[in-house]
Amino acid sequence: MACDLRAVLLVTRQMEGTATNVAKQRIELRCSLPVEHTGPHRDDVHAQEWVVVQGRPSLVLRDESE
Ligand SMILES: [Zn+2]
């Protein structure tokens, strides 16, 4: 059985010449590690790891600025 924990990954890109980050893509993550795994959750499909901060929604930001 998989952990199956879900999170939302926001891929952001910094606008050139500004300090503004814009969301480029929104991806649903699902943890593919076994139940009761240790360490961060991981979605193998999207090659993204994340940790859950207690009491906060699982929102993961990935900056893809060039
Ligand atoms: Zn997990």
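In which sense do β1 and β2 pair, and over how many bridges? They pair in the antiparallel sense, over nine bridges. The model behind this answer is a predicted one.

## The chain as a whole

Start with the parts list. The protein chain has five strands and zero helices. Along the sequence, the pattern reads β-β-β-β-β. The C-alpha atoms fill a box of roughly 45 × 25 × 15 Å, taken along the principal axes.

How much of the chain is buried? Of the 66 residues in the protein chain, buried ones make up 8%. Contacts tell another part of the story. Take those with a separation of 6 or more: 47% of them join residues 24 or more positions apart.

Next comes confidence. The mean pLDDT of the protein chain is 90, and 98% of the residues score at least 70. Among the elements, β3 has the highest mean pLDDT, at 96. The lowest belongs to β5, at 89.

## The sheet

Three strands form an open sheet. Their order is β2-β1-β5, and the pairing is mixed. Which strands stand at the edges? They are β2 (21-30) and β5 (59-63). Each has a single partner strand, so one side of each is left without a neighbour in the sheet. Neighbouring strands here are turned by 25° against each other on average, direction ignored.

Now look at the two pairings. Strand β1 covers residues 6-14 and pairs with β5 in the parallel sense, over five bridges. Within β5, V60 stands opposite L9. On the other side of the pattern, β1 and β2 run antiparallel over nine bridges. A23 in β2 is the bridge partner of T12.

β1 and β2 also form a hairpin, with six residues between them. G17 sits in that turn and has a positive phi of about 80°.

Is β2 mostly buried or in the open? Of its ten residues, the number buried is one, so β2 lies largely in the open.

## Two residues with positive phi

G17 is a glycine with a positive phi. D4 has a positive phi although it is not a glycine. E36, also a residue other than glycine, has a positive phi too. The table sets out the values for D4 and E36.

| Residue | Phi | Location | C-beta neighbours inside 10 Å |
|---|---|---|---|
| D4 | about 65° | segment before β1 | 11 neighbours |
| E36 | near 65° | loop between β2 and β3 (41-43) | 7 neighbours |

Why does D4 count as exposed? A residue is exposed if 12 or fewer other C-beta atoms lie within 10 Å of its own. D4 has 11 such neighbours, so D4 counts as exposed. The reasoning for E36 runs along the same path: E36 has 7 C-beta neighbours inside 10 Å and therefore counts as exposed.

D4 deserves one more look. Which residues does D4 touch, leaving aside those up to four places away in sequence? They are R30 and C31. D4 and R30 are 26 residues apart along the chain, and their C-alpha atoms are separated by 5.4 Å. R30 falls within the range of β2 (21-30), while D4 lies in the segment before β1.

Notes:
Residues numbered from 1 in each chain as written. Predicted model: local features only at pLDDT ≥ 70, side-chain atom pairs only at ≥ 80, totals over all residues. Pairing = 2+ DSSP bridges. Helix = DSSP H or I, 4+ residues; strand = E, 2+ residues; numbered from the N terminus. Axes fitted to C-alpha atoms, helices over the stretch in contact; angles between N-to-C directions. Buried ≥ 20, exposed ≤ 12 C-beta atoms within 10 Å, placed from the backbone. Contact = placed C-beta atoms within 7 Å. pLDDT = per-residue confidence, 0-100.
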